[in-house]
Amino acid sequence: MIVLGIETSCDETAAAIVTDAREIRADVVLSQLDDHTPYGGVVPEIAARAHLEHLDGLIRRAMAESGLGFADIDAVAATGGPGLIGGVIVGVMTAKAIAAARGLPFVAVNHLEGHALTARLTDDVPFPYLLLLVSGGHCQLLVVEGVGQYRRLGTTIDDAVGEAFDKTAKLLGLGYPGGPLLEKAAALATNPGRFDLPRPMVGRPGCDFSFSGLKTAVRRHVEELGTPLSGEDQADLAAAFQTTVAEVMADRCARAMRRFKEMHPQGGALVVAGGVAANKTLRARLQKLADREGMPFVAPPLRLCTDNAAMIAWAGIERLRLGQTDPLDFAPRPRWPLDPTAKPAIGKAGVGSGMKA
């Protein structure tokens, strides 16, 4: 089975060709970073126009790199949500057009499920497993029991962790996108223990997260130091923030691990996915935790942590194996929770809904 995947949920336009033998024949991504950097964040209208302008060319490029033609494709999968609705519409309509013209099955993929199943593409991780999904719009702990079978153990009650990285980087004067720039600054710290930051939710019952108080603490330090910050101040604060986030994540994951083991005594892996999963400090801290708890730890390659179409194609393959396809009148979804039975998070409307910020 060979599937064309299309991803247009936010600010990366992507196309990929993936086989059911876990072979990525092509995986092309066009970043819109230069378009959005002047605004300090993603502008939905600009993102949608960029997807419309570049998607056809990226699909042609993916086909050329794979050495395949449309006659070789067995199905088309596209992100159907959650995400910025203008961009999602571009990808879904393009996929529908190809499917209709070629008489192929169409699969509308939940973007979050694409991230959730990436470890099965890269490492053939068996169900069930515990997933930490961390990105600019999401911060969730989920038990993954099968394709379309998710139980949420915890989520953020305010900011997603990627959002907290972006806002903290802005406070430090590092720019956008915050995650990579903050990690780069932290690597230059000469005194990473200089600032003592709060660790929200650590030690508290449950598996939920909170990052707004941590962000506020960083702001207070910045105000005390005065702006513009020196390079040394930027680096030390960035290191303190990054380390604190990793410790908070480890504490929440440790509690989720205990819940997971109660639900599935036979065990399973701890998987991290989403854009923030590319952070090396977080990966190292989670590896240490997994080793301590006797659970395998799986983190996809860095290039497959951020938004890409290979994960969408693979999620399409997973669904096709179960005989699941979607009609051509599928309506793109700005919100699409992985666990629709989970109660909304306290403190921030929409967090539990699957909304991609």
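## Terms first

Helices here are DSSP runs of H or I with at least four residues, and strands are runs of E with at least two, both numbered from the N terminus. That is how a label like α5 should be read below. One more thing before we start: this is a predicted model.

## The sheet

Let's begin with the strands. Five of them, 5 strands in an open sheet, follow the order β3-β2-β1-β4-β5, and the pairing is mixed. The edge positions go to β3 and β5 (106–110); each has a single partner strand, so one side of each has no neighbour in the sheet. Going from one strand to the next, the twist averages 20 degrees.

Zooming in on one pair, β1 (residues 2–7) and β4 (residues 75–81) run in the parallel sense and share 4 bridges. Val3 has Ala75 as its bridge partner in β4.

## Helices on the sheet

Helix α2 (residues 44–66) packs on the sheet and touches β1, β2 (12–19) and β3. The direction of α2 makes about 25 degrees with that of β2. Then there's helix α3 (residues 85–102), which lies across β1, β4 and β5 and runs at about 160 degrees to β4.

## The largest pocket

If you're hunting for a place to look at in detail, the largest pocket holds about 1000 Å³ of space. Its lining has 35 residues, and the ones closest to the centre are Asp11, Gly136, Asp166, Tyr176 and Pro177. Three elements give two or more residues to that lining: β3 (24–31), α5 (161–171) and α6 (178–186).

Which element gives the most to the lining of the largest pocket? That's α5, with 6 residues. Asp166, one of the residues closest to the pocket centre, lies in this helix. As for chemistry, the lining splits into 13 nonpolar, 13 polar and 9 charged residues.

## What the UniProt record adds

An unreviewed UniProt entry lists "domain: Gcp-like" for residues 23–314. In the model, the end C-alpha atoms of residues 23–314 sit 10 Å apart, and the span is 49% helix and 16% strand.

The unreviewed entry in UniProt also places a "binding site" feature at Leu133, Val134, Ser135, Gly136, Gly137, Asp166, Gly179, Glu183 and Asn279. Of these, the lining of the largest pocket includes Ser135, Gly136, Gly137, Asp166, Gly179, Glu183 and Asn279. So far as the overlap with the pocket centre goes, Gly136 and Asp166 are among the residues closest to it, and both carry the "binding site" annotation in the UniProt record.

Terms used: Residues are numbered from 1 along each chain as its sequence is written. This is a predicted model: local features need pLDDT of at least 70, side-chain atom pairs count only at pLDDT 80 or more; totals for chains, interfaces and linings use all residues. Side-chain values use heavy atoms; hydrogens and water are left out. On a 1 Å grid over the protein atoms alone, a cavity is a set of points where a 1.4 Å probe fits but cannot get out, and a pocket is an open set with protein on both sides within 12 Å along at least five of seven lines; lining residues have an atom within 4 Å of a point. Grid points are joined across faces, edges and corners, and a volume is the space filled by probe spheres set on the points. Ala, Val, Leu, Ile, Met, Phe, Trp, Tyr, Cys and Pro count as nonpolar, Asp, Glu, Lys and Arg as charged, and the others, Gly among them, as polar. UniProt positions are given in the numbering used here, feature names are shortened, and annotations may be inferred rather than shown by experiment. Two strands pair if DSSP finds at least two bridges between them. Axes are lines fitted to C-alpha atoms, for helices over the stretch in contact, and angles run from 0 to 180 degrees between N-to-C directions. Contact means heavy atoms within 4.5 Å.
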